[in-house]
Amino acid sequence: VVYYDGIPVEVGETKNDSSYRKIPLTSKVIAFLKEIQAEQERNRLALGPAYKNEHNDCICTWADGSPISPNTMSSRFEAFLKRNGLPKIRFHDLRHSAATALLKSGADVKAVSKFLGHSQVSTTYDIYAHIFAEDAADALTQRDEHFGI
């Protein structure tokens, strides 16, 4: 969404073709999204013509249907971290945390690469090379322990 003087004026295109992708969701996430959808419908009915329908495909909206700015999401995330005594990270860093957790749990690198929207698996390898190095070191340590080295 592009803003002009704080007003959302258009929905922009994604960065590249690989940005258009299907992302698997757990049943809990689906249930949560359905709750949001139901709340948006209640707001739409309550506000009638005052409800802003032009962005009705957005998930993160205010009660009047207008989209919530990514900057607002980031600042609220930062406040959440501070309130809970957590280290300061960017909202975008959650993407890296998710990718790291998936790779460390043994998920297929190609599947993780597709999930992240990387057009090449090599991009995922380059960004997360440290995880593969850690896994190799862990495997060697386990080998040494197994053989009593």
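Student: Let's start with D93. Is D93 buried or exposed?
Tutor: Happy to, and keep in mind that we are looking at a predicted model. The relative accessible area of D93 comes to 18%. Buried means under 20%, so with its 18% D93 counts as buried.

Student: Which residue does D93 meet in a salt bridge?
Tutor: In general, side chains of opposite charge can pair when their charged atoms come close. For D93, the N to O distance to its partner is 2.6 Å, and a salt bridge needs a distance within 4 Å. That partner is exposed, with a relative accessible area of 52%. The residue that pairs with D93 is R90.

Student: How many salt bridges does the structure hold?
Tutor: The pair of D93 and R90 is one of them. Another joins D64 and K52, and E78 and K88 meet in one as well. The total for the structure is four.

Student: For D64 and K52, how far apart are the closest N and O atoms?
Tutor: Both residues lie in the loop between α1 (27–47) and α2 (70–83), and they are 12 residues apart, a pair that links distant parts of the chain. D64 is partly exposed at 24%, and K52 is also partly exposed, at 32%. Their closest N and O atoms are separated by 3.3 Å.

Student: Now E78 and K88: where in the chain does K88 sit?
Tutor: The side chains of E78 and K88 meet in a salt bridge with an N to O distance of 3.5 Å. E78 belongs to helix α2, and K88 comes 10 residues away from it. K88 lies in the loop between α2 and α3 (93–104).

Student: Is K88 buried or exposed?
Tutor: Its partner E78 has 39% relative accessibility and is partly exposed. For K88 the relative accessible area is 66%. Over 50% means exposed, so K88 is exposed.

Student: Which two residues form the aromatic pair?
Tutor: The structure holds one such pair. The two rings are 5.3 Å apart, centre to centre, and their planes make an angle of 80°, which means an edge-to-face arrangement, since that class takes in angles over 60 degrees. One partner is in helix α2 and the other in the loop between α2 and α3, 14 residues apart. The two residues are F77 and F91.

Student: What is the relative accessibility of F77?
Tutor: Its ring partner F91 is partly exposed, with a relative accessible area of 40%. F77, by contrast, counts as buried. The value for F77 is 12%.

Student: What is the volume of the largest pocket?
Tutor: Rolling a probe the size of a water molecule over the atoms shows where empty space is left. In this model, the largest pocket is lined by 38 residues, and I59, C60, P70, M73 and F91 lie nearest its centre. Its volume is about 1,700 Å³.

Student: Which helix gives the most to the lining of the largest pocket?
Tutor: The helices α1, α2, α3 and α4 (109–116) each supply at least two lining residues. By class, the lining has 25 nonpolar, eight polar and five charged residues. With seven residues, the helix that gives the most is α1.

Student: And how many charged residues line the second largest pocket?
Tutor: That pocket has a volume of about 170 Å³. Its lining is made up of K15, N16, S19, R21, H92, R95, L116, G117 and H118. One of these residues is nonpolar and five are polar. The number of charged ones is three.

Student: How many disulfides does a search of the whole structure find?
Tutor: Take C58, which is buried at 16%, and C60, which is partly exposed at 36%. The sulfur of C58 has its closest cysteine sulfur in C60, 8.3 Å away, so the two are too far apart for a bond. A disulfide needs sulfur atoms within 2.5 Å. The search therefore ends with a count of zero.

Student: To finish, what share of the chain do buried residues make up?
Tutor: The chain has six helices and two strands, and from the N terminus on the elements run β-β-α-α-α-α-α-α. D93 and F77 are examples of buried residues, at 18% and 12% relative accessibility. Of the 149 residues in the chain, the buried share is 18%.

Notes:
Residues are numbered from 1 along each chain as its sequence is written. This is a predicted model: local features need pLDDT of at least 70, side-chain atom pairs count only at pLDDT 80 or more; totals for chains, interfaces and linings use all residues. Side-chain values use heavy atoms; hydrogens and water are left out. Helices (H or I, at least four residues) and strands (E, at least two) are DSSP runs, numbered from the N terminus. Buried means under 20% relative accessible area, exposed over 50%, partly exposed in between (1.4 Å probe, protein chains only). On a 1 Å grid over the protein atoms alone, a cavity is a set of points where a 1.4 Å probe fits but cannot get out, and a pocket is an open set with protein on both sides within 12 Å along at least five of seven lines; lining residues have an atom within 4 Å of a point. Grid points are joined across faces, edges and corners, and a volume is the space filled by probe spheres set on the points. Ala, Val, Leu, Ile, Met, Phe, Trp, Tyr, Cys and Pro count as nonpolar, Asp, Glu, Lys and Arg as charged, and the others, Gly among them, as polar. Rings of Phe, Tyr and Trp (its six-membered ring) pair if their centres lie within 6.5 Å; planes under 30 degrees apart count as stacked, over 60 as edge-to-face and the rest as tilted.
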